[in-house]
Amino acid sequence: MIVKADISALKKASWLEYSIRFLFGGLMTVLAGLIAKHYGPELGGLFLAFPAIAPAAATMIDQHAKEQKQRAGFEGHTRGRKTAALDMFGTVWASVGLLAFGLVIWWMGSSHSACLVLPIATVVWLGGALSTWELRRILKRQKTTHHRAAPAQFPAHKRK
Amino acid sequence: MVLGTIAMAAYAWVVAMLLFRARHNTLLVTSASLLVWLGVAFGLWSVLLK
């Protein structure tokens with residue numbers, strides 16, 4: 001699968017759903033700032049990666065997938081749950097990009113201007129996220145090729 | 001943020017596994033698993049930064 005932007009997907013969610021995401025994300029940012037102010041930036045920074053919108057986002061993804069399946073006349077609960085699970089697997093891979101973003105700021109933040117460090121970290125984040133996606137694709141392809149090749153390596157006299 | 005990201009990866013992996021393998025409610029799984037994030041994040045913070 002080639003990674004591409006699909007702007008029409010923005011219309012699939014309602015304004016309420018976007019508002020919930022922005023509300024939780026914004027509240028967590030404010031909370032992280034307050035924690036950093038009172039207990040120091042190391043503890044505050046920890047909360048910059050708190051999955052504040054994950055429960056709401058996963059539930060909405062589950063709901064959308066379930067409704068789509070139900071419109072086709074199926075039960076849809078399993079599809080909804082599995083779609084949300086796939087989104088969460090994506091988050092695991094995306095964490096590599098965020099990790100690279102944090103490491104760049106940690107490495108360069110104290111010696112360079114924020115105007116320089118933040119754009120560089122953002123580019124590194126994008127590169128990290130796309131690289132992990134590509135790595136996942138390569139690993140999956142190798143796994144598929146290996147599984148297809150496996151029966152041929154099995155001794156002919158043991159095959160039924 | 002780096003340690004929080006490691007905790008987020010652990011959280012997302014646990015949630016994905018639970019949603020794939022068990023028939024629990026998505027909101028319940030994602031909310032209860034926030035304890036995983038707290039445990040990993042504060043565990044790493046207390047070992048490496050405190």
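Visitor: Among contacts in chain A between residues at least 6 apart in sequence, what percentage join residues at least 24 apart?
Guide: The model is predicted, and the contacts considered here are those of chain A between residues at least 6 apart in sequence. Of these, the share that joins residues at least 24 apart is 47%.

Visitor: Which pattern does chain A follow along the sequence?
Guide: Chain A contains 5 helices and 0 strands. Read from one end of the sequence to the other, its pattern is therefore written with helix symbols alone, namely α-α-α-α-α.

Visitor: What radius of gyration does chain A have, set against a compact globule of 160 residues?
Guide: The C-alpha atoms of chain A fill a box of roughly 70 × 45 × 30 Å along the principal axes. A compact globule of 160 residues would have a radius of gyration near 15 Å. For chain A the value is 21 Å.

Visitor: What percentage of the residues of chain A count as buried?
Guide: A residue is buried if 20 or more other C-beta atoms lie within 10 Å of its own. Among the 160 residues of chain A, the portion that counts as buried is 24%.

Visitor: What percentage of the residues in chain B are buried?
Guide: Chain B has 3 helices and 0 strands, in the pattern α-α-α. Its C-alpha trace spans about 40 × 15 × 15 Å along the principal axes. Of the 50 residues in chain B, the buried ones make up 44%.

Visitor: What average pLDDT does chain B have?
Guide: For the complex, the predictor gives an ipTM of 0.88 and a pTM of 0.81. In chain B, 100% of the residues score at least 70. The average pLDDT of chain B is 92.

Visitor: Which element gives the most to the side of chain A that touches chain B?
Guide: The contact takes 28 residues from chain A and 24 residues from chain B. On the side of chain A, the elements that give two or more residues are α2 (41-46), α3 (54-71) and α4 (77-108). With 14 residues, the element that gives the most is α4(A).

Visitor: How many residues on the side of chain A that touches chain B are nonpolar?
Guide: The residues on this side of chain A divide into three classes. Of these, 5 are polar and 4 are charged. The nonpolar residues number 19.

Visitor: Is α4(A) roughly parallel or roughly antiparallel to α1(B)?
Guide: The axes of α4(A) and helix α1 (residues 2-21) of chain B come within 8 Å and cross at roughly 170 degrees. Angles over 145 degrees count as roughly antiparallel. Therefore the relation of α4(A) to α1(B) is roughly antiparallel.

Visitor: How many residues of the contact of α4(A) with α1(B) are nonpolar?
Guide: The contact of these two helices includes 4 polar and 2 charged residues. Its nonpolar residues number 18.

Visitor: Which residues of chain B does A:K82 touch?
Guide: A:K82 lies in helix α4 of chain A. A:K82 has 15 other C-beta atoms within 10 Å, so this residue is partly exposed. Leaving aside residues up to four places away in sequence, A:K82 touches B:L19 and B:F20.

Visitor: Why does A:T78 count as partly exposed?
Guide: A:T78 has its place in helix α4 of chain A. A residue is buried with 20 or more C-beta neighbours and exposed with 12 or fewer, so values in between are partly exposed. The count that places A:T78 in this class is 13 C-beta neighbours inside 10 Å.

Definitions and conventions
Residues are numbered from 1 along each chain as its sequence is written. Chains are lettered from A and ligands numbered from 1 in the order in which they are written. This is a predicted model: local features need pLDDT of at least 70, side-chain atom pairs count only at pLDDT 80 or more; totals for chains, interfaces and linings use all residues. pLDDT is the predictor's confidence in each residue, from 0 to 100. Two residues are in contact if their C-beta atoms, placed from the backbone, lie within 7 Å. Helices (H or I, at least four residues) and strands (E, at least two) are DSSP runs, numbered from the N terminus. Ala, Val, Leu, Ile, Met, Phe, Trp, Tyr, Cys and Pro count as nonpolar, Asp, Glu, Lys and Arg as charged, and the others, Gly among them, as polar. Axes are lines fitted to C-alpha atoms, for helices over the stretch in contact, and angles run from 0 to 180 degrees between N-to-C directions. Angles under 35 degrees count as roughly parallel, over 145 as roughly antiparallel, 65 to 115 as roughly perpendicular and the rest as oblique. The radius of gyration is taken over C-alpha atoms; the globule rule is 2.2 Å times the number of residues to the power 0.38.
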